[in-house]
Amino acid sequence: MIKRKVRPAEEETGGVLLPVLFSIGWYSAIGVSVAGGGFHPWMILFMIFGLLPLYQMLTGIRHAMFYRRQRAEAIASGKAFLSA
């Protein structure tokens, strides 16, 4: 029998793979462009915009970890409700 953990939506860290794959593709395209035509100053904007999905992913993971810690504290202390 497989043991599964059921987590509330606030504790989910799913959706990590898509932003990582997007960023790999994004920076690969920029790398090919730089290799083919050289670096242009306007590419800095594309490099910055490529960081946004990774930042959102990391923020989501931090948010989920916060709620996991809060849940663990509530279970450890025996409280049914732990305010933020």
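Q: Which residues of helix 1 and helix 2 meet?
A: In this predicted model, the helix 1 side of the contact consists of P19, V20, F22, S23, W26, Y27, I30, S33 and V34. The helix 2 side consists of M43, F46, M47, F49, G50, L51, P53, L54 and M57.

Q: How many of the residues in that contact are nonpolar, polar and charged?
A: Sort them by class. The contact of helix 1 with helix 2 has 15 nonpolar residues and three polar ones. Charged residues are absent from it.

Q: Where do the two helices start and end, and at what angle do they pack?
A: Helix 1 covers residues 17–37. Helix 2 covers residues 43–77. They pack at about 165°, and their axes are 9 Å apart.

Q: Is helix 1 roughly parallel or roughly antiparallel to helix 2?
A: Compare the angle with the cut-off. Angles over 145 degrees count as roughly antiparallel. The packing angle here is about 165°, so helix 1 is roughly antiparallel to helix 2.

Q: Is the crossing of helix 1 and helix 2 left-handed or right-handed?
A: The crossing is left-handed.

Q: How many helices and strands does the protein have?
A: Two helices and zero strands.

Q: What do the contacts in the protein say about separation in sequence?
A: Start with contacts between residues at least 6 apart in sequence. Of these, 67% join residues at least 24 apart.

Q: Which residues far apart in sequence can I check in space, C-alpha to C-alpha?
A: Take E12 and M65. They are 53 residues apart in sequence and 8.7 Å apart in space, C-alpha to C-alpha. E12 sits in the segment before helix 1. Its relative accessibility is 44%, so E12 counts as partly exposed.

Q: What about L58 and V16?
A: L58 belongs to helix 2. L58 and V16 are 42 residues apart in sequence, and their C-alpha atoms are 8.8 Å apart. L58 has 48% relative accessibility and therefore counts as partly exposed.

Q: What separates the C-alpha atoms of L17 and M57?
A: A distance of 9.3 Å, for residues 40 apart along the chain. L17 lies in helix 1. M57 is one of the helix 2 residues that meet helix 1.

Q: Is L17 buried or exposed?
A: Look at the relative accessible area. Over 50% means exposed. L17 has 61%, so L17 is exposed.

Q: Is S23 buried or exposed?
A: Use the other cut-off. Buried means under 20% relative accessible area. S23, in helix 1, has 4% relative accessibility and so counts as buried.

Q: Which residues is S23 in contact with, leaving aside its neighbours within four places in sequence?
A: G50, P53 and L54. These three are among the helix 2 residues that meet helix 1.

Q: How far is L52 from S23 in sequence and in space?
A: L52 and S23 are 29 residues apart in sequence and 9.1 Å apart in space, C-alpha to C-alpha. L52 is in helix 2. At 46% relative accessibility, L52 counts as partly exposed.

Q: What percentage of the residues in the protein are buried?
A: Buried residues make up 13% of the 84 residues.

Q: What describes a pair of aromatic rings?
A: The distance of the centres and the angle of the planes. By the ring-centre rule, the count here is four aromatic pairs. One of them is F22 with W26: the centres are 5.4 Å apart, the planes stand at 35°, and the pair is tilted.

Q: Where do F22 and W26 lie along the chain?
A: Both are in helix 1, four residues apart, about one turn of the helix. F22 has 41% relative accessibility, so F22 counts as partly exposed. W26 is also partly exposed, with a relative accessible area of 24%.

Q: Why is the pair of F66 and Y67 edge-to-face?
A: Planes over 60 degrees apart count as edge-to-face. The planes of F66 and Y67 are at 75°, with ring centres 5.1 Å apart, so the pair is edge-to-face. F66 is partly exposed at 37% relative accessibility. Y67 is partly exposed too, with a relative accessible area of 28%.

Q: Which residues form one aromatic cluster?
A: F22, W26, W42 and F46. Among them, F22, W26 and F46 also take part in the contact of helix 1 with helix 2.

How values were computed. Residues are numbered from 1 along each chain as its sequence is written. This is a predicted model: local features need pLDDT of at least 70, side-chain atom pairs count only at pLDDT 80 or more; totals for chains, interfaces and linings use all residues. Side-chain values use heavy atoms; hydrogens and water are left out. Axes are lines fitted to C-alpha atoms, for helices over the stretch in contact, and angles run from 0 to 180 degrees between N-to-C directions. Angles under 35 degrees count as roughly parallel, over 145 as roughly antiparallel, 65 to 115 as roughly perpendicular and the rest as oblique. A crossing is left-handed if the near helix is turned anticlockwise from the far one by less than a right angle, and right-handed if clockwise. Contact means heavy atoms within 4.5 Å. Ala, Val, Leu, Ile, Met, Phe, Trp, Tyr, Cys and Pro count as nonpolar, Asp, Glu, Lys and Arg as charged, and the others, Gly among them, as polar. Rings of Phe, Tyr and Trp (its six-membered ring) pair if their centres lie within 6.5 Å; planes under 30 degrees apart count as stacked, over 60 as edge-to-face and the rest as tilted. Buried means under 20% relative accessible area, exposed over 50%, partly exposed in between (1.4 Å probe, protein chains only).
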